[in-house]
Structure formats: C-alpha cells, structure tokens
Amino acid sequence: MKSIKHWKTRAGLITLLLLSFQQLVCAQLPTADLRQIKPFAAAAGKTVELSIIGSNLDDASELRFSHPGITAKPVMLPADDIYPEPRRQDSRFEVSVAKDVPPGIYEVRAVSYFGLSTARPFVVAPDDSREIDETGNHDSRETAQPLEVNSTVTGSVPARGIDWYRFKARGGQRVLVELIAERVDSRLDGQIVVYDSEGREITRNRDWFGRDPFLELQSDQDQEYFLAISDILYRGGSEHFYRLSISDRPHIDFVFPPAGEPGSRKVYTVYGRNLPGGSLGNAVSLNGQKLESIEVEIQLPEVATPPASFQPWKPRQGILNGHEFQLEHSNTVSIGFATAPVVRESVSPKIQTVPVPVEIAGQFNEPHEEDVYQFQATKGKTYCIEVIADRMKSKVDPYLEVFQITKTKAGEVTRKKVAENDDLPSFFSADNKDAINFDTVDAAVSFTAEEAGLYEVVVLNQFGGGSPAHLYRLAIREPTPDFQLLASTERTLPTNRTGYSVTPLLRRGANWGVRIVAPRQDGFTGEIVVTAEGLPPGVTAKPLVLSGKTDRGLLVLSADPTAKRWAGEFKILGKAQINNKQEVREARFASLIWGHVFSDAIRVRSRLTTRIPLAINEDEAAPVEIIPAEEKVWTVELNQKLEIPIQLKDTGTRKGSLTIEPNELFGMLRRPPTVNIGEKETEGTLVIDFKPNGNFKIEPGQYQFALMGVGVTQYRHNVPASDAAVAEVKRLEALVSTIKSDIETTNATAEKSKSAEQVKQNADRLKRAETALTQATTRANAAEKKATAADSKFAAWSKLITVNVTPPTENK
C-alpha cells in the first residue's frame, strides 16, 4: 500500500500540472468572459445592486439584458476635490426590473474594452415572490435556516459543506421543493435530502430537471421538515450557487399528447400537482406520487418555430420546434409541432396498426417496455421514421428497428430487418476539437419498400426506465425535407482535450470563423445558403453554401482595417428551396457554459443563447491576415492534389511559425494537411490530397472552407488602459504638488491668521490626494505590467475558399 505522503505528493503534482495546463490554454488573445453575477435574481418591479465577476472585463461600462425591461447603470462614486469627474465603483451596477417583465430566466452580457462578454442567466421572479438570501451559519441540522412555504432562497454551498433549511407544512398540503442550479449556469450538481423533525430521512432526489433535483412532500398531519442541500461530490464555492424554491403553486409534469399539428386547436391532458381544477381521476402516478390531471384546449400557432425564451438545455433540445404553455403561475412546458396527424398509443392490442403518415404519441409506461407498430407500405416508396424523445427532454434513449413482415400461404410469418438506428449522426469532430454538444440520442431511419405489404416498427428505451412521463414521439411519413440551423464559436483549442467559451471579437483586419451546423431532415440534399444580417459597418461575411449532404461549415466574419468599436447582436439566416418554396431558418447560437480541462470533460455543458453576439475592438489589429494568393473558385479532380498558394499580411509581432490547415472542410475527419510558414516568411503553399480514405470522406461536389492558422504573437494587453492609468498618475502628482504649494504659500503669508480648522482641512486634502496617488500608482504599475509584450497564442482565419471537386477522369 502506498503511503499517504506519496498520494499527497502525487495529488499536488497533478494539481500543479492542471493549473499549468489551464494557464497555457488561457494564454490566448483575450476576449471578455463573464463567469458570475451576484446576485443573479430580482423580483419584477425591484432594483438591486449587483457585481460582475470574470476575466478580461476591463473598463466594463454596460450590462445588456435580453429583455428591454431590465436595465442597468454603473454605480458611480461622486465627484469631489480629488476626482473632478464621477468614477465607476469597481464592477458594480444598479439593475432595475420593470414591473411588467414576465417571470423567467433572461440573459445578461457585459460590455467592456474586449467587447461583449459571454452570457449569464438572470432570473426575474414574480413581483409578489418572497425572496430570501441565505444568512448566517446554517451548516448543520441544529442551525438550519428557517423558511416558509412559498418562499425562494438564494445561496451557494461551501466546499465539502451542506446548507440546511427547515420549514413547516400543514397537514394535507402538497409542498414542492425544487433546486435551480444547472439551469442558471451553476457548477452545482445538486441533491436534496429531506429529514423529519426526529432526524429520520424521508426522501432524497437528484437529476430531475437535468442535474437539478425536485421532490414532493405531503403529510396527513402538520410537519416540520429539514432540507440538506449539497453537491453530490461535495464540491462548493461561489460558483456553486442555487435557488431553492418551496411552494404549493401549480406544477406541470407533462402534457399528453406531447405534440400537435401546426395551427390545430385540440384538447390536451395536463398532468401535474396543485393544478387549478385538477383531479386525481386518471390514477396516474410518478415516483409513487399521484398526479392530478385536467383537460385543456390549446391553440397551436400556424408556423412551427423553436421557443424564443431562454433554453438551459442541450442545443438540440433547445432548438426543437415547440409552443410554450403554462397554467396560471405554473412552470412552462413545451408542446411540440407534429409533422403528421397525431395518433395516441393504444394500451391494447400489443401490436398497434397505424395509418401513414402518422405521428404516434407514445409512453414507456413500464421499465423495459417494447412498443410495436405496423403499417402498410407501397412498393417503391421511401418512408422516414423518426423518434423524438431526448430532444423533448424525456428520459428516453430510443432504439429503432424496422421489419418487413411476410406471410406464406401456409401461414408462416417471417420478419426481415430492413433498417435500424441507435443515434442520429454526431456533429462532434473525429479529432475532438469541437467541444460544443450538438448531438442527440434520438433515432431515425429511412428505407424504400422493395415490396408492398406490412412493415413493423419496434421502439424501445435503452435507458430501461418506465413511467407515464417517459414520453416519445414516433413519426412515420414519406420524406418531408427540412433543416435546422445552429451557430457556435469556441476558443481555438491548442490541444484536443480542452474547451472554452468565447464571444466573437474582431480586431482590425481580422477574420473570425463561426461554426455552422445544419441538421438535415429526411435526407434533404438541397442547397442551404447561410448569410449574416445586421452586421456593423466595416464587417462583411461571404455567404456560406452547404451543398448536397453537407451539414456543417464555417461562416467567416471579416473586419476591414477601418472598422470602429462596436458591440451588439446580429442574425444568421439559412435559406433553401423546399418543394418549390423558399424556406428561411434563423440560426440559434450555442455556447459552452464553463471552460474545462480533460480531467472534468465528462461534465462539459453547452446550451443555446438567446442572441448571437459580436464585437469590434478598434484599438488592436489582427496579428496576421491569411490570404490565398488567388481569389477564385478552385477546381480539383477526385483522387488528385490541390495546391493553394498562401500569402500573409503580418504586423511584425508574430513569433515562430504559423501552422495553417483547412478548417471545416466537409468530410475531413482528422489529421488535416498543414503548412508551416516561418517567422520571417510571408508565403507558403498548402497541399490537400482529395483522395478518399479513412480520414477524408470526400465525394464530387462543391465545398467551402477556410484556412486556419495557429501561432504565437507578442501581445500587449489593453494599451489604452495603461496609457490612461499613467495619465491619471501624472494628474494626481500635479495635484499633490499643487496642494503642497498652496499649503506652503498659506503658511508663509497667513501663518498667524490661519485657523486650526483650515490647517486640518489642508492636511486632510493632502493626505487624501497622496493616498489616491499611491493607489493610482499601484494600478498604473499593474496596467503597465499587463501591457508589456508577452507571448500569446492566437488563431486566424482566411476568408471562405470554394472548391469544386469533379469526378475522376475515366481511364482510357
């Protein structure tokens, strides 16, 4: 057995390596990263003072919220005889929430020298919400902080600690306890453990809404409960924050059927707890607790679109078309838009015969259940079969099988498997350089019926669980071509084991690659033209054309050398001809929630943001511009090599070689070709072999991609701030000198008539000025140190390159 000392030494080395690794990763050209806002919630109609925490938030001057009814202004220190102009007080802002802002989660970004920051959630509570902050020491059952039903407490768990609360409930009262953490970008993977007044554990929960726990408490008699809140691994700190809600308000667990046709008005059954007008007549239970139900007539919009509200879930979950619905003051749920007439799963017979096209509203009511459906197919027709479960946040991992059923004259039945699928295609790159999760475990298949007759679809849940809330949607239809559009950008990775969130920041003359993902539906192969709209002056983007099977690419934003400072949002649109009609899809933007290193990769989270951000920094120039020697449509024959001459426009700050490779060339999986251009060189040639192999799944067609270079530059951090800090020191030095001179003059000319009060005032002013000078000198030294040229890794893109890959010439 190894000694404790050995393990402590090893742990210390690992920690040191991880810290060094993080420092290496972060040594890149800075962008603004907002990691936390404190507090992160306010009731409608209230004003709160909050502080922002993050990196590269230099000169943060604004907070911008995704709702116009939430406004902010910097907290200012008043002008005085030392500072003639008001000054911002650290990173504090006064935030006002209008009374008519609907309760919900919104986003906030900071505007600083480095543009728009990454986004963080900001919670708006109802105007009558009882909002409480955790107070005092409540790390044990004996010191539990008292709460009341229908109150919400905001807190954070300490490392290796537990937060304790207690409250009293009336007999028969249906109390719901919910922890909101992951949904507001907290690092907390929370759990709730409930004890009675005698210290006996009653129940516990985790992972109800993603990683957030939820549970119900109900007793026949008045009861006092004790809640223990912690991280499942007892991690903690200021970034492990939460909102704990204790209420008897309405709560919707699910709606059945989970989808309806666009424009339809139909009756749905809403299942939940404390529902207004609800009853227990349907005898539906979830985790041993009976759910109430109520029939509600719901009108769906004519046009199917994703929810516009904040979506804390995985990108493919957040972008699923849906109509948001709630009952009075309940939580909000999404009702999907079906692509075919909806039929409910029947309890019997075991094999259900359905018409086509159809969308079946199904449930895995029991663990390890297998649902079977049969339909009649026409010879030569293509059928697309799709299961939606994971994308609507159901705890289902569907597996799909399709069989051709034939019966001989003797009555023998045979089942021939014609298609099966586990998961939809992945959008993670094979080299793991893309950390944002655009994947789903939902399944879909398509097949062409070789013979007319009976076909069977089998759906099962690989997670194995079962309950009325284990919902799925099964569509059987002829091809209905369509597509979705997602955009993202993340810090260019120096290795394939890290990932960091980033907001696009264009320096003068720079290009920035925004990754585009376009999941295609039912084998759609039409051209998707992706464009950027609402770009500021001086910024352009060549349209990206996704042809054939291409479902990912790069939209390159380009700033000319005269682009001015700007921070705002823009739109990315995808247009395609589908059934002789132009369809337009607006892209949703996806971002990583927290930076990570390989030791914590399993906890990587990504979600959609409500807007697509962009900023321009006019004070800094791109370290290098990558320019193909010719601007043209390149042509290469399949199995042949393409040589692309490259020119560099260098600022002279680059150190060492610049390594250039093709970025987002569709079909290229790993080990892309590279060219190194030396520190003193400005030209090179990239050679791409268009011969299909295990790493390059290339076919004839038109493709677009960019060249991406990674190198090191001598970077000076926020030089204007350093200059301003030096100027402030000089101003205060002059002020101190002036005050001293005034004192000497007064002493010389009016020594006898000078009052004691006047002497005290002069001495006090001099002391305050000298203190201000000392503080300003410290700040100036720090700013000057940061502005000293230091090695920084950077990434640079070329503008889009178009290549036509032609079929190989036949051998004569």
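Let me start with one residue, Arg768, which is partly exposed, with a relative accessible area of 31%, in what is, please keep in mind, a predicted model. Its side chain forms a salt bridge with Asp81, and the closest N and O atoms of the two are 2.9 Å apart. Arg768 belongs to helix H4, which covers residues 756-787, while Asp81 sits in the loop between strand S5 (70-77) and strand S6 (87-97), so this pair ties together parts that are 687 residues apart in sequence. Asp81 is partly exposed as well, with a relative accessible area of 35%.

Now, how many salt bridges does the structure hold? The count is 54, and I would like to go through a few more of them with you.

Take Asp196 and Arg200, whose side chains meet in a salt bridge at 3.1 Å, N to O. Is Asp196 buried or exposed? Asp196 is buried, with a relative accessible area of 8%, whereas its partner Arg200 is exposed, with a relative accessible area of 53%.

Another pair is Glu583 and Arg585, where the N to O distance in the salt bridge is 3.5 Å. Glu583 has a relative accessibility of 19% and counts as buried, because the cut-off for buried is under 20%. Arg585, at a relative accessible area of 22%, is partly exposed.

Finally, I would point you to a group that goes beyond a pair: Arg174, Glu216, Asp253, Arg273 and Glu292 are linked in a network of salt bridges, and you may want to find these residues in the structure above.

Key: Residues are numbered from 1 along each chain as its sequence is written. This is a predicted model: local features need pLDDT of at least 70, side-chain atom pairs count only at pLDDT 80 or more; totals for chains, interfaces and linings use all residues. Side-chain values use heavy atoms; hydrogens and water are left out. A salt bridge is a side-chain nitrogen of Lys or Arg within 4 Å of a carboxyl oxygen of Asp or Glu. Helices (H or I, at least four residues) and strands (E, at least two) are DSSP runs, numbered from the N terminus. Buried means under 20% relative accessible area, exposed over 50%, partly exposed in between (1.4 Å probe, protein chains only).
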